[in-house]
Amino acid sequence: MTGGIAPLTARPAWKALGAHFGEIRGLHLRKLFADDSKRGERMTAEAVGVYLDYSKHRITDETLTLLRQLAEESGLRQRIDAMFRGEKINVTENRAALHVALRAPRGAAIVVDGENVVPQVHAVLDKMGEFSDRVRSGAWKGHTGKRIRNVINIGIGGSDLGPVMAYEALKYYSERSMTFRFVSNVDGTDFVEAVRDLDPAETLFIISSKTFTTLETMTNARSAREWALKGLGGDVKAVAKHFVAVSTNAAKVSEFGIDTANMFGFWDWVGGRYSMDSAIGLSTMLAVGLDNFRAMLDGFHQVDEHFRTAPFERNLPVLLGLLSVWYNDFFGAQTVAVLPYEQYLKRFPAYLQQLTMESNGKHVTLDGDQVSCDTSPIYWGEPGTNGQHSFYQLIHQGTRLIPCDFIAFVETLNPIGQHHDMLIANVFAQGEALAFGKTSEEVKAEGSPDWLVPHRTFEGNRPSNTILLRRLTPAALGRLIALYEHTVFTQGVIWNIDSFDQWGVELGKVLAQRIVPELESKAEPKLAHDSSTNNLITYYRKSKETA
């Protein structure tokens, strides 16, 4: 499966990086910048409208050379080519991982099992576009003849996180006469609050489930069906006018009452967390329109081509992926903070959590052997400047090393006075403060009493990337997402793991299916779990009886 590639810790570059780390681990960014006046200009890369400053890292030119050597020894170039060729690199499910085909231009050729899938992709996009135009224009009418003014996407995981994030990110471009909401949690509160103030006659539900059997999604879908029929006089024919499906299970979709002509398909080579630019993005297209959706796809494709063709020393996802490996596995940094200085990107860190941790939260290699180092770090974050008044204290003066990604845009979509310059000043200031800190001598020179000096000293030497784009357009969003998708892929290749399966989500779901009837049974169930789970079930059942 690994093509004869040596185990990670046995690769020459890995061993050389270990020795090199021992030599430079104590180097401070103050010295690195003092010794190289051009470092801040030199350690940058720019491509397809994305500017990356990676100079504030605890690295030297030798570090970068060794990291690129590790990429070569890990077969990164060959693995990139294999992915773009449609090979079945998702080895545990025997599938291709071909999200890049979702944004390939019309006329391109990407072959899976002997068939060019690009025409299929564009056929679905065309169908989505036609449907989107009808809903947005008012040509699509609900059961009572009213136009659709509310769209609710029901999904979970990749069928929710991507659409939610994209809607919030592109709200500036959205159709403001329509309301868009998203339901994912099986907690009934999520659904009730989403529909509380809506008219069923003006509401369209998008049920997003590949199999149309996902427990949480179908529980919410059935509640939506009951709510809609109750408000529409109980005529089951109303379902076809107020529900559409993103699925591949035509039988289940039809059984639910949805016209299969309004079923939008996708393929098993599309992983859930990589699916927001497939039919899963139908709510996004309804919000921003076909042209903006296609512009987003073009942004994805631009980064795809950059990742596929650019030399590693100038390849943005490769640089980001290798640097994250450097901190994760040599410095022992356990987390990465993603800090978008753009309010529209408030859900971007949550989206990245699934993309990164579901992809690379693995403990065995492609061959099924135990990994020899830590894999995915924990990704987290909030928009700036809010986070500065919250958790930045830990990043600046805490005991943990937390690499940061600062994301910002040169132009704002909403210019108001000095707001944007103040925002960007904070981006640059935070990176500077993290890198260089404030010495005790500097604190003393400001007149602080000796007892206060340790409290006001900043160690610095905290690494960060600064990622700048011109403006938050649909294309820019596509570029940003693809940048992280391929960063995750780069990490996974280095660690020799399968970034495209997610068996870890299965066990809890299976056990939940066993427990549900035990909670609902009228008769006392015979429990066969561990003593803690048995006791919790018993306690819950008794509490329900006395509620």
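How much space lies in the largest pocket? In this predicted model, where local features need pLDDT of at least 70, side-chain atom pairs count only at pLDDT 80 or more and totals for chains, interfaces and linings use all residues, the largest pocket holds about 1100 Å³ of space. Residues are numbered from 1 along each chain as its sequence is written, and side-chain values use heavy atoms, with hydrogens and water left out.

Empty space was described on a 1 Å grid over the protein atoms alone: a pocket is an open set of points with protein on both sides within 12 Å along at least five of seven lines, a cavity is a set of points where a 1.4 Å probe fits but cannot get out, and lining residues have an atom within 4 Å of a point. Grid points are joined across faces, edges and corners, and a volume is the space filled by probe spheres set on the points.

The largest pocket is lined by 41 residues, of which Thr214, Gln502, Val505, Glu506 and Lys509 are the closest to its centre. Two or more lining residues come from each of helix H7 (158-169), helix H9 (215-231), helix H15 (348-360) and helix H21 (506-520); helices (H or I, at least four residues) are DSSP runs, numbered from the N terminus. With four residues, H21 gives the most to this lining. By class, the lining comprises 14 nonpolar, 18 polar and nine charged residues, where Ala, Val, Leu, Ile, Met, Phe, Trp, Tyr, Cys and Pro count as nonpolar, Asp, Glu, Lys and Arg as charged, and the others, Gly among them, as polar.

The second largest pocket has a volume of about 370 Å³. Its lining consists of 15 residues, and Glu342, Gln343, Thr412, His419 and Leu423 are the closest to the centre. Five nonpolar, nine polar and one charged residues make up this lining.

Enclosed space was also found, with three cavities of 30 Å³ or more. The largest cavity has a volume of about 110 Å³, and the residues lining this cavity include His57, Leu320, Tyr379, Asp405, Asn465 and Thr487. Helix H14 (316-331) and H20 each supply at least two residues of the lining, and H14 has the largest share, four residues. Seven of the lining residues are nonpolar, four are polar and one is charged.

The largest nonpolar core contains 125 residues, among which Trp269, Trp326, Phe348, Ile467 and Leu477 touch the most other members. Such a core is a set of buried Ala, Val, Leu, Ile, Met, Phe, Trp, Tyr and Cys residues joined through side-chain atoms within 4.5 Å. Helix H20 (residues 474-495) gives the most to this core, contributing twelve residues. Leaving aside neighbours within four places in sequence, Leu477 is in contact (heavy atoms within 4.5 Å) with Met165, Ala166, Ala169, Leu170, Met296, Leu345 and Leu472. Apart from the largest core lies another, of 25 residues, with Ile207, Met218, Ala228 and Leu232 among them. In soluble globular proteins, nonpolar side chains tend to be buried together.

Across the whole structure, 26 salt bridges were found, each being a side-chain nitrogen of Lys or Arg within 4 Å of a carboxyl oxygen of Asp or Glu. One of these joins Asp35 and Lys31 (2.8 Å, N to O). Both residues lie in helix H2 (residues 29-35), four residues apart, about one turn of the helix. Asp35 is exposed, with a relative accessible area of 55%, whereas Lys31 is partly exposed at 44%; buried means under 20% relative accessible area, exposed over 50%, and partly exposed in between (1.4 Å probe, protein chains only). Lys31 also lies 10.0 Å from Asn461, C-alpha to C-alpha, although the two are 430 residues apart in sequence.

A salt bridge also links the side chains of Arg85 and Glu87 (2.6 Å, N to O). Arg85 counts as partly exposed at 48% relative accessibility, and Glu87 counts as partly exposed at 36%. In the salt bridge between Glu305 and Arg308, the closest N and O atoms are 2.7 Å apart. Glu305 and Arg308 both lie in helix H13 (residues 290-309), three residues apart, about one turn of the helix. Glu305 is partly exposed, at 26% relative accessibility, and Arg308 is partly exposed, with a relative accessible area of 33%. Finally, Arg103, Asp277, Asp304 and Glu485 are joined into one network by salt bridges that share partners.
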